[in-house]
Amino acid sequence: MSTPSPLRPPAPLHPVGLRLQGRQVVVVGGGPPAYRAAAGLLDAGAVVTVVGPTVVPALEALAGSGALTWHRRPYSSGDLQDAWYAVAATGEPGLDERVAHDAERCRVFCTTAGDPGTSTALPDHPAPHEHPAPQRGGPGRVVLVGGGPGDPGLITVRGQQALAVADVVVVDHLAPRTLVAGLRPDVELVDASKLPRGRAMPQEEINALLVSHARAGKHVVRLKGGDPFVFGRGMEEVLACAAADVPVEVVPGVTSAVGVPGTAGIPVTHRGLTHEFVVVSGHVPPGHPQSLVDWSAIGRLRGTVVVLMGVDTAPAIAASLVEHGRKPGTPVAVVTEGTTSGQRTFRTTLDELADTIRREDVRPPAVWVVGDVVDLAAEAHRGDA
Ligand SMILES: C[S@@+](CC[C@H](N)C(=O)[O-])C[C@H]1O[C@@H](n2cnc3c(N)ncnc32)[C@H](O)[C@@H]1O
């Protein structure tokens, strides 16, 4: 790569935005900076390939859901062959430089996460005036922020303000990835994802991390998907901070339990139709020794049942609801990746649910909704062109 002469100052950057929709982009590396880059690229509609022997759980989740391709191996020089754009984010300056060199040779623009000097493209970050005036400094503290189900516009103003002044952000894989992609470059990002039946940072380790960063005087945001207190283990983190005398604040979020059906046009209640809705975790099936759910009571309900973390267990749960009284033909809607550009809705019935999930290859994150309210969505769109 040609380096600027020491006698001549580098030419100013030429500011452009890249239209990456449908275009191949390669991210080399697997740590939090690679995740942050991949998150932004996916939002731009790029076809993302990540190359690296290991990746953080949030990237593994994106690969598992088919959102991106992960080549689980070291970088090799041919990797940029078909790329329009590349990001070198390995954390190893020598390797990043090699990627930048290869990119230069292939005429591919490249951002080097750790060293703007070797980048031929510089990442764009929100101008400071787009956020409320940061109030940094002061003693360390923790803010648990509910990021909402996926659409970055669904975070609260207060949550956004907390992110704007954060020094450290500890994320889950369901935290809206556009928010992660938009963090200031100097923010330390920690991936504390718990993948369904996969890799997970132990809760005690997350608690200890929050406390130790806050004690070091940092403003820590614990950014979660949805609401921190809906199957989010938020209270365990609040208690850990309280026990350590670390100031902690909770900023509620839009929960997927209500927001995701709502975005699919399904209200969880409706006057004259449903006077109750119940949100249930399906992470273990009925009859499992760890289950705390009275499925026979849920089966007897007339109202709306919303199941979270219940893709694998859907066949067993649906069978149990029918066994305890719910009609086999009760309408069901399964909504995946709600509020994001990948949102899909499948309408079915309790007795067909298992088949639908298999046939449509439904994967988490998904919520499914049982009850007459499901039919309202279809009714609302009757007559649409
Ligand atoms: C560990 S729970 C956390 C729930 C979160 N605290 C909330 O209030 O939405 C994760 C589950 O939430 C649901 N979920 C979260 N985001 C979703 C989305 N965008 N679309 C569909 N389901 C989602 C899925 O059932 C997923 O398995």
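Here are two short exercises on the domains and the ligand site, with worked solutions.

This is a predicted model, where local features need pLDDT of at least 70, side-chain atom pairs count only at pLDDT 80 or more, and totals for chains, interfaces and linings use all residues. Residues are numbered from 1 along each chain as its sequence is written.

**Exercise 1.** Work out which helices supply the side of domain 1 that touches domain 2.

Step 1: Grab the domain bounds, which come from an automatic or database domain assignment: domain 1 (24-118), domain 2 (139-254) and domain 3 (257-381).

Step 2: Look at the contact (C-beta atoms, placed from the backbone, within 7 Å). Domain 1 puts in 12 residues and domain 2 puts in 13.

Step 3: Find the helices (DSSP runs of H or I, at least four residues, numbered from the N terminus). α1 (32-43) and α2 (57-64) each supply at least two residues of that side of domain 1, and α1 gives the most, with seven.

**Exercise 2.** Work out where the ligand lies relative to domain 2 and domain 3.

Step 1: List the neighbours, meaning residues whose C-beta atom, placed from the backbone, lies within 6 Å of the ligand. There are 25 around the ligand, and the closest are Gly226, Val230, Thr255, Ser256 and Gly338.

Step 2: Check the elements, with strands being DSSP runs of E, at least two residues. α8 (256-263), β13 (331-336) and β15 (366-370) each supply at least two shell residues; α8 gives the most, with three.

Step 3: Put the ligand in place. Domain 2 and domain 3 both give residues to the shell, so the ligand lies between them.

Methods:
Contact = placed C-beta atoms within 7 Å. Near = placed C-beta within 6 Å.
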